[in-house]
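Work through the following exercises with the sequence and the structure side by side, and try each task before reading its solution.

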Amino acid sequence: MTHPVPGSEIFNSRPVDPDVLRAGVPSSLRLHTVGQDAVDNLDPLTYEVIRHRLWSVTDEMGETLKRMSGSVVVTEANDFDFALCDEVGQEVQIGLYNTFLAASLDLAVYWTLQNRAENPGIEEGDMFLCNDPWVGGGLHQNDATVYAPFFFEGQLFGWSSAVAHQLDVGGVAPGSWTPRAQDVFWESLPTPPIKVVRNNVLQRDVAEMWTRRSRTPMLLSLDLRAKVGANITAQTRLRRLLETYGADTVKAVMKRIMDDAEQRLRAKLRELPDGTWHAQGYQEHSGQGDRGLYKIVLAMTKTGDTLTFDFRGTADQTGMINCPYSGVRAGIMSALLPVLAGDIPWAGGGLMRCFDIIADEGTMINASFPAAVGKGPVGPAWAAGNLVNECLAKMLDARPASRKSVQSVCGGTFDMVALAGVDQRQYPFVSLVMDTMADGYGAGVDRDGVDTGGMFVIPMGRAPDAEMTEFTSPVLLLWRREETDSGGPGTQRGGVSGSVCIVPHDTPAPLGGVFSGSGKATTMNAGLAGGYPGNTQLDMVLRGADAWNLLAAGRVPRSLEEVGGTRDIMGGEVETGIGLGDAIFVHWQSGGGYGDPLRRDPAAVAEDVIEAKVSAQAAADVYGVVLTADGEVDAAATEARREAARAERRSAAGITGAAASAASTVEGAELDANQVLDGATVRCRHCGTGLGTFGEAYLAALPRVETAPSGAGPHVWADPSTYVDEPVVFRQVLCPGCATALLSQVVPADHPLPADTFAGQHSHAH
Amino acid sequence: MSYVIGIDVGGTFTDAVAARDDGTMISTKTPSTPPDYAEGVVTVLEDLAGRIGTDLHGLLSETSYIAHGTTSTLNALVIGDVGRVGWLTTVGHRDSISIMNVVGRYAGQGPEQVQDILATRKPAPLVPKRRAKEVIERIDYKGSVIVPLDEDHARQAIRELLAEDVEAIAVSTLWSFRNPAHERRLRELVHEQAPGMYVTLSSELSPRIREFSRNATTIMSTQVGPTLSRYLEPLTDRLRGHGLRGPLLVMQGTGGTLAAQEAPKTAITTVGSVLSGGVTGATRLAEQLGHRNVICTDVGGTTFLVGLVVDGAPLQTTTTVINQHIIDVPMLKVQAIGSGGGAIAHLDAGGNLRVGPRSAQAVPGPACYDQGGTEPTVTDADLVLGILNPDNFLGGRKKLSLERARAAIKEHVADPLGLDVEAAAAAVFAVQNAQTSDLVRKVVVESGEDPRDFVMYAFGGAGPVHCFAYGAELGVQSTVVPLGPSAAAFSAYGLAASNVGVVKEVSEPGTFPVPALAVTKTFEDLEAEARTALERQGVDLVDIGLRREVDVRYTMQLAELPTPVPSGTLTDADLADVIANFETRYARTFGEGTGFSAAGFQFITYRVHATGVLPSTVTLPDADPADGAPVEAALTGTRRALLDPRRGFEDTPVYDYRRLRPGHRFTGPAIVEVPTTTVAVSHQDTAEIDRFGNLVLTHTTEEA
């Protein structure tokens, strides 16, 4: 636990009312703005022509950044983004790359207008550099942003911003974060906004102050120039646009783009029920050697056309698993953009007007300086995004028209595995196992999740070919495959994840490895409507493996059993050595399922078995589907197997009443796949049994089963004590009539019971 | 008398051009005849013969060769009408084709589709797992055998594939391009059990690093190879039966042709067949007009294609995307950026006017076609604005319904926006033009070029209507609408004017410096392969041209740039020059100061482009010379038309292209009605007919 540093709070940037911002800038800084009448008077032709051209400007800016960057994290993983903002920093357009970053670029501009306008001033030809996640412009110190005020005819018209993840920006460990970090001083020094370009000239002293901290100063220097170049591109084209159409017209279009996005999101929200939805997730270890479990708590309330994300109750900041305010805001946006705004223009400035955040200072998701925050984006920010996804999906599920946008949580985190050593050309190398980009997607109401579909936060992620990995690093990939049974079981199955098994090859020296990622004892990829969560993450080093002996004997190991050796299971945050005879197994996360797997179409299960998405064993055990020797569904045996599974649930949950028939579908307003509304009573959609009174937290009172985690299936780690001391359970809440699973979770035993409450179809006011 | 014939089979029309050795040219157009496109090919040849005044036998017996662009391959892949194929690959790596490097979820999608993340999906794997078998073998990055091929196990895998009733087998194993021994042995093992089975080896078809795209390329080629054979073999026989003595050549995406009997072996190279004709034609036209840099816009009813000619040569790419799969096929870079005249105008959920990307397609087509379409398209707006003539569209072959066009625009655009129909049509027209200029600009800029250094060519039915506007906004110097004798069939002309071409490549990734001796050896091997491949075509060639290049990259970076390599025996100094050239090209493409030479350099893939020059040279003939008639003689009258929303409707002179002659000049606003298209000329343009009959627009507007 770190102690607050007095004086550090001035770097905490928060959204500011634009009028307050305007009133606060000195009169020497003239802001260009237009009134609502200019926005209202735009004709459709002018609006659409300029809107499209602004898109083209923003797009070209991102293209410039991507091309000029020397960083594989930018060029391969698309971990970068960019934005065009109005005069007070509200985002008009953002890129389609790392969607986290959109939630921080405006924060940096707000802060700059408040803290740099007087001294050193904001002038034409300036650009600011920032990697202070408390200020914004990124979520951790690796996110370095360059942003520039754009002046036209003497007035500050708007801002352009470009941000990209930098491989190394200093600190005690390569990559600038470490499982050993106690506070931010173990990591890269956060740099608040400094003028890196003055009067259109890159300032050498400032640039070198920046690059000097890095283990890769030339790469940092190249990327700095890439971001400067991206801003120049944006400003050159913006200037031409303003010269053609006039500043007032273009500004009116910018305002209307944001208003349009806001109004469309609000209209969507008004169609959804008012209520409060809950979700809770965990970070498993706060650093090397730790065995703790740290909770992130969300209560999402929707009232009318506004959302409130209340994170109170989240654990205090600890170890190296924290993020500042920009992180929790990013987590929200990473889920909100795809779930609610897939068909709405991504004008961040408009969309972010539709929600409020409540988060206590000094907690994991709103950490105070000098907490270690280097892991923030892939740790607590990502985890917060999972919870937001879960709550939004539950809200959308309660209205027929919005159910197509329901999707269970995707891979719950980035399984970060870094390897370092000497490569086959005798040079030092550091690389990330980027195959873990291939997370499974969550299942939807009417569809399975996309297998190895990628990450929610990086819509255009990419995993490398095995050949490129083997060409650039001294390793051999024994396998790189989709993992059978990994997808969250459900009526709709979560997308499967994958695994790689790696052995050192053609290197003279042992490798160093860093393993970082939660979701090993509990799941981070929740299912919905009784769908099971996706797999627990599993990383291990197989010490003294037989792999090379087998290869020498003409066999290629195809399973962990064949790879052999002693299994050294990696905890949440580990630095370790890897010997030349060891093997590394990395198995990242899949997507959650939707609906009870006992209700999945048996033919779909049979097809899954043929396509190796599900094993025959799990088909029987988890889905209750029995196949004949030639892979066909044995209908009678399947019905019997499913009936037995339901009987088992009933007995374990202590349900004594007669079993209701689950064959028909009960009519009524659907609340999700299993529940319908009958007056004020919620009934099981499959058997008609009353579940409780609508508007109350009735699920908590229904029968439930709690078993060991292995009850969820072979994809969940059976022995949580490997990682944590707290007991972990597979918990299911059941329909008392037909024993259909209404909720299925792998959680700590003290995880709260469901408490969601929401209003009916027509009861919302406004 | 002898002829060279180009035939371009598109989805809607089959176009043909016959170039006679006296320099004259005849072109024609007939409907395509899916699913049996061969029927349309014979019909268009009969039509050509008729126009020449002979019969099919008379024409074919005097034809040196036919160059044929076919949708067969692409069509089969897009609609999934492909052969039942088995696949053999390295143990542990079969899932490459389902993981798809994640990019398979969004590759080839527009930004709006990518943004709608929940709706993105991967396509089904190219081969289901029951027909994808792993074999026990392993080769490493050096080409060293780590685990020898387990032949008994492989025989069993092949047996299982054959039991699945496969008609062809694709073989693609890890690092086979470094050491093809296992793949070659696997082919022998297949033929042990199934003699004569169609087998493709990745090490022969596409020996390039990155297994996902190599696997996909190999499998797709295997899926369409037999299909292409089934199309070409009977067609060849039929044409032979009608007297054709010269070869039937099939166009590839590279702009070079292959003999019909050879093409199915590397079927995937024909996938860009129909796209490359237009750019090839534009390249030939550019030679004749002396243009070095050309933006080619080919706008049809349903597609908007953009290709570039830079410094006299068409821009090439080494990969393309088909059905969200990355395919390693060298081809001309032709990008689809929109939906052409069929782009639908609509209001989005926020009530804002949008145009495209959805298209009315060929069926139902624009509302004014009166074929059941009710949504307004760009073509409907063009009609309402008076730019198109309802009674003289495509030379009067198609009547347009102004009433339907107005009704569609009124209901879907004008009424909801509170505009009158004319203002709504003007908005659709202006939005389409501005958007087009943004999207064309993106193509040009992303190729590292500046539109202001280019001339634009606009062809296809819908391009000339709008080119004055998007050309001017792009800032090009002038815009050429290719007309003259090839007007009806510009792509077919491109086909007739092309040569035989093969590309041979191999990845041998290595970090610079690479021994010059080894590089020389690699290129000599590739050149020998390329010559052999040309000889196998069985076509008389007057010359063979060989061009070397290597894909270079900065270590760690993704972007590889093909960089020219000199011929002959290479020295270290030559390779240093290659690196210097790469750095210059890199700076030009990605921006000054963006190179990261401190990271070092890597040579990844070596490639030889071989061109077999055909005996006949096809060039565009001169148009009918000026007959002394003044330009006014071509005026057919005026009509109220709107070309610029700021000026509104005005009396606009209408010219009949058939009466315009080389040297005729006029200024806009004007409309030129051509039997195959309509050309609009703005008040800021000067139009002139050049000696080939092309209409050349000189813009005086500033780029926006």
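The exercises below concern a predicted model, and they take up the interface, the domains and the nonpolar cores.

**Exercise 1.** Describe the side of chain B that touches chain A: how many residues take part, which element gives the most, and how do the residues divide by character?

*Solution.* Begin with the contacts, where 69 residues of chain B meet 69 residues of chain A. Next, look for the elements of chain B that each supply at least two residues to this side, among them α9 (211–241), α13 (421–446) and β25 (500–511). Of the contributors, α13(B) gives the most, with 10 residues. Finally, sort the residues of this side of chain B by character, which yields 39 nonpolar, 13 polar and 17 charged.

**Exercise 2.** State how chain B is divided into domains, and find what distance separates the centres of domain 1 and domain 5 of chain B.

*Solution.* Chain B is divided into domain 1 (3–76 + 228–273), domain 2 (81–227), domain 3 (341–432), domain 4 (500–613) and domain 5 (631–699). Taken over C-alpha atoms, the centres of domain 1 of chain B and domain 5 of chain B are separated by 34 Å.

**Exercise 3.** Identify which residues of the largest nonpolar core touch the most other members, and follow A:Ile332 to its contacts.

*Solution.* The largest nonpolar core has 456 residues, of which A:Ile332, A:Leu336, A:Val388, B:Val428 and B:Ala496 touch the most other members. The largest share of this core, 15 residues, comes from α13(B). Setting aside neighbours within four places in sequence, A:Ile332 is in contact with A:Ala103, A:Phe309, A:Phe355, A:Ile357, A:Ala384 and A:Val388. Apart from this core lies another, of 12 residues, including A:Val609 and A:Ala619.

Technical notes:
Residues are numbered from 1 along each chain as its sequence is written. Chains are lettered from A and ligands numbered from 1 in the order in which they are written. This is a predicted model: local features need pLDDT of at least 70, side-chain atom pairs count only at pLDDT 80 or more; totals for chains, interfaces and linings use all residues. Two residues are in contact if their C-beta atoms, placed from the backbone, lie within 7 Å. Helices (H or I, at least four residues) and strands (E, at least two) are DSSP runs, numbered from the N terminus. Ala, Val, Leu, Ile, Met, Phe, Trp, Tyr, Cys and Pro count as nonpolar, Asp, Glu, Lys and Arg as charged, and the others, Gly among them, as polar. Domain bounds come from an automatic or database domain assignment. A nonpolar core is a set of buried Ala, Val, Leu, Ile, Met, Phe, Trp, Tyr and Cys residues joined through C-beta atoms within 7 Å. A residue is buried if 20 or more other C-beta atoms lie within 10 Å of its own, exposed if 12 or fewer, and partly exposed in between; C-beta atoms are placed from the backbone.
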